There are 2 protein chains.
Amino acid sequence: MDLPSSPFKPDRFPNLPAVPGVRIASCDAGVRYNGRLDLMLAVFDEGTSVGGVMTQSTTADAPVGWNRTALPRGTARALVVNSGNANVFTGKRGRVAVEKTASAVTEAVTCDALDVYVSSTGTIGEYLLEERITARISELYDALSDAAWEDAATAIMTTDTYPKGSTRKALIDGVPVVLSGIAKGSGMIAPDMATMLAYVMTDATLPANVLQTLTSRSADKSFNAITVDGDTSTSDTVLVFATGKTAHTPIENADDPKLDAFVTALDAIMIDLAQQVVKDGEGAQKFVEIRITGAETDAAARRIGLAVGNSPLVKTAIAGEDANWGRIVMAVGKAGEAADRDKMAIAIGGVHIAKNGEPVDGYDEAPVTAHMQGRDVEIDIDVGVGKGQATVWTCDLTHGYIDINGSYRT
Amino acid sequence: MDLPSSPFKPDRFPNLPAVPGVRIASCDAGVRYNGRLDLMLAVFDEGTSVGGVMTQSTTADAPVGWNRTALPRGTARALVVNSGNANVFTGKRGRVAVEKTASAVTEAVTCDALDVYVSSTGTIGEYLLEERITARISELYDALSDAAWEDAATAIMTTDTYPKGSTRKALIDGVPVVLSGIAKGSGMIAPDMATMLAYVMTDATLPANVLQTLTSRSADKSFNAITVDGDTSTSDTVLVFATGKTAHTPIENADDPKLDAFVTALDAIMIDLAQQVVKDGEGAQKFVEIRITGAETDAAARRIGLAVGNSPLVKTAIAGEDANWGRIVMAVGKAGEAADRDKMAIAIGGVHIAKNGEPVDGYDEAPVTAHMQGRDVEIDIDVGVGKGQATVWTCDLTHGYIDINGSYRT
């Protein structure tokens, strides 16, 4: 079936600058379909450190298992990603496929196997024909270039309707560094196909333990704060590679204030990519920002925000442009976090609908309805018990989601 | 909007026999709409005990708060239920509305206010005009009859497309008792309207503490094992009333083997009503039974079953008659309970698709697809770690759900 493009699809892919120490190439390997890019290889210069966060799923895929083993070493020389087949629930054969893929990259790059990071995204429960991948590695290696971002972002797509990239510059103690990243999404796990993958690359010089801390913190504020359908992928992977090509003051601590601008830039890229994933969510017609205040802790606020953002009743109301705040009350109530019903306040588009657990006297629905007819919907919820806060992003739940997921595979 | 009837709508309401000690009447009180039954009153003879379970929501409604206060007393003389307005998020005025309603019933019945149980279902966040209810109590009292079940089941409906009733007979130590019950559902919380309500009445003679234990256990096997959309209502209420009109051996312990037949009958009614709620789920076209085995505990098995039953990707695949077992693997993985990916087995319609974490050799999809084209879909999942098991019921996720919830209120 032909998927209509997201209304948020940008006119063009952003201009991602080269990151010193990173070279990339992509090709059509025919993993599942022919005539589309489905394999990318990134090669990093020696000295590259890596941080990452991966799915918590207990049925995680074979590549995630491989990366979990590799990550504590903190070094990286290559990243290989295929779309078309997620290599999930494929048992021992799936694990062998990952080993063979890493081995082919090892030969081309001349590096340790565990310096090769592997991701697969696509159908679950079908054996990956890894020879289609290994046969192309040498050719990809020869084609590496430092500006091939858009092809790479395209090669990792499944039901995504546009490639996703983001870039920022930052100073570390006065020395400029660049960060560029790509991501794919669609459903949190999309149609049978898919998963959420994101890769950010920078020429900053950061020890792996520092990079790991920064990656985890930034992922919490970005990819862990979005939801399309509440379905957690078996393959979710966020990796940040730092090539160490820039000679700035040595950094030994993730809390070093010299990193402030870098952290701001990393957060900005991760949030930008995460928001692009939501905006290209299956069937998405509206982009929703949910801001929670007054929770017991920031973590509680995020869980409340995700309960609202995952509620099918809230999401269908947004699709219907209906300022149905009663459903928001319901979703807060089911989150399992402390909330004081008699102190709660809810605003949509900046207009308070309820305060102190009751509808606001003389509430006029007209400006709220007008706000909901736009592409961007903003919801503020104060749950009245503490100082915890969080922002969560989601999309609406539309007929498009049913169309895509009720008929995709057949 | 006109809601199409569920394909599971029965030809007629079941024949519910009178329960000695219970009289019921219903009327059109115009709570929100006119020309439809929206208020029911049940009156119980003196000596009636009660057990109940209510929503865990932190934004629960005013009537739930009232019933929580009343329930520890264990006695009941009346039940009053309105549809059209849920009296949720209505602050102090909402609590006063409950008090006034109970007070009006108290006068008619001549009983303690806390012997009156109150439920409201319908719109959230609008003030209940309780005078429309209190004005009709005396008239309802005069109209009480012992066989008015179908009207009562109709009066408590919101977006339900048919009234739901169930009845069983049982022997307690050789003495026959009868159990009759009614329920309403639609969404777990339906459109803005709604909630899940169920009431069972019996002439058995049971102390309140015994009845409470039996009610909790039975609710766990029935109403706590169903899901339409994973959205927990602010008003969910299950109450079981025992009028004590039948003189059987005194029962002092919920584990008394003399209760075996009664427990079987109570479970059967609760499961029957719970399944009717699912079958009338918003937009439901298919009824799905998910059987989990091999979990660490029965509770873990239920959580895994509900993760599968709540997954939008699983539910849309079922709507599309697609035997997309990869999505089932994903949903098991996100449940947060122990599962051994390499020992998991999945069957649909009795046909094994995957065993030991891999697709079954020579798996033929044809009989599975044929099974999925029927109204009833059966999924068996063994997660390979222990002896815990549970059965969960759900429906598919269709365009009908989006239609109902994306446009209901406007």
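Two residues are taken to be in contact if their C-beta atoms, placed from the backbone, lie within 7 Å. In this predicted model, helix α2 (residues 91-109) of chain A lies across β2, β4 and β5 of chain A in that sense, and runs at about 135° to β5(A).

The strands beneath that helix belong to an open sheet of chain A, which has four strands in the order β1-β2-β4-β5 and mixed pairing. Its edges are formed by β1 (22-27) and β5 (116-123) of chain A, each of which pairs on one side only. From one strand to the next, the twist averages 10°. Within the sheet, strand β2 (residues 39-44) of chain A is joined to strand β4 (residues 78-85) of chain A by five bridges in the antiparallel sense. One position can be followed in detail: Met40(A) has Val81(A), in β4(A), as its bridge partner.

Helix α1 (residues 62-70) of chain A also contributes to this region. Its buried residues are Ala62(A), Pro63(A), Val64(A), Trp66(A), Asn67(A) and Ala70(A). The elements against which the buried residues of α1(A) pack are β3 (49-54), α2, β5 and β10 (237-242) of chain A.

The description now moves to chain B, beginning with its own β4, α2 and β5. Strand β4 (residues 78-85) of chain B pairs with β5(B) in the parallel sense, over eight bridges. Ala78(B) is placed opposite Val116(B) of β5(B). Together, β4(B), helix α2 (residues 91-109) of chain B and β5(B) form a β-α-β unit that is right-handed. How much of strand β5 (residues 116-123) of chain B is buried? Eight of its eight residues are buried, and the strand is mostly covered.

Thr106(B) offers a view of this unit from the helix, since its place is in helix α2 of chain B. Is Thr106(B) buried or partly exposed? A residue needs 20 or more other C-beta atoms within 10 Å of its own to be buried; Thr106(B) has 18 C-beta neighbours inside 10 Å and therefore counts as partly exposed. When its neighbours within four places in sequence are left aside, Thr106(B) is in contact with Cys111(B), Ala113(B) and Val116(B). Val116(B) is the residue of β5(B) that stands opposite Ala78(B). Elsewhere in the chain, Asp255(B) lies 149 residues from Thr106(B) in sequence, and 34 Å separate the C-alpha atoms of the two.

Chain B also holds an open sheet of five strands, with the order β3-β10-β8-β7-β6 and mixed pairing. β3 (49-54) and β6 (164-172) of chain B stand at its edges with a single partner strand each, so one side of each has no neighbour in the sheet. The twist averages 15° from one strand to the next. At one edge, β6(B) and strand β7 (residues 175-184) of chain B run antiparallel and are joined by nine bridges. Ser166(B) has Gly181(B), in β7(B), as its bridge partner.

Two helices that pack on this sheet may be considered in turn. Helix α6 (residues 208-221) of chain B touches β3 and β10 (237-242) of chain B, and its direction makes about 35° with that of β3(B). Helix α7 (residues 260-279) of chain B touches β6, β7 and β8 (197-202) of chain B, and its direction makes about 170° with that of β6(B).

The wider arrangement can be traced in chain A, where the domain assignment gives domain 1 (22-279) and domain 2 (287-407). Taken over C-alpha atoms, the centres of domain 1 and domain 2 of chain A are separated by 32 Å. Contact between them involves eleven residues of domain 1 of chain A and 13 residues of domain 2 of chain A. On the domain 1 side, the elements giving two or more residues are β9 (226-227) and α7 (260-279) of chain A. The most is given by α7(A), with four residues. By class, this side of domain 1 of chain A has six nonpolar, four polar and one charged residues.

The path ends at helix α9 (residues 312-319) of chain A. This helix is largely enclosed by the rest of the structure, because eight of its eight residues are buried. Among the buried residues of α9(A) are Pro312(A), Leu313(A), Lys315(A) and Ile318(A). α9(A) is followed by Glu321(A), which has a positive phi, near 55°.

Notes
Residues numbered from 1 in each chain as written. Chains lettered and ligands numbered in written order. Predicted model: local features only at pLDDT ≥ 70, side-chain atom pairs only at ≥ 80, totals over all residues. Buried ≥ 20, exposed ≤ 12 C-beta atoms within 10 Å, placed from the backbone. Pairing = 2+ DSSP bridges. Right-handed = clockwise from strand over helix to strand, strands pointing away. Domains from an automatic or database assignment. Nonpolar A, V, L, I, M, F, W, Y, C, P; charged D, E, K, R; others polar. Axes fitted to C-alpha atoms, helices over the stretch in contact; angles between N-to-C directions.
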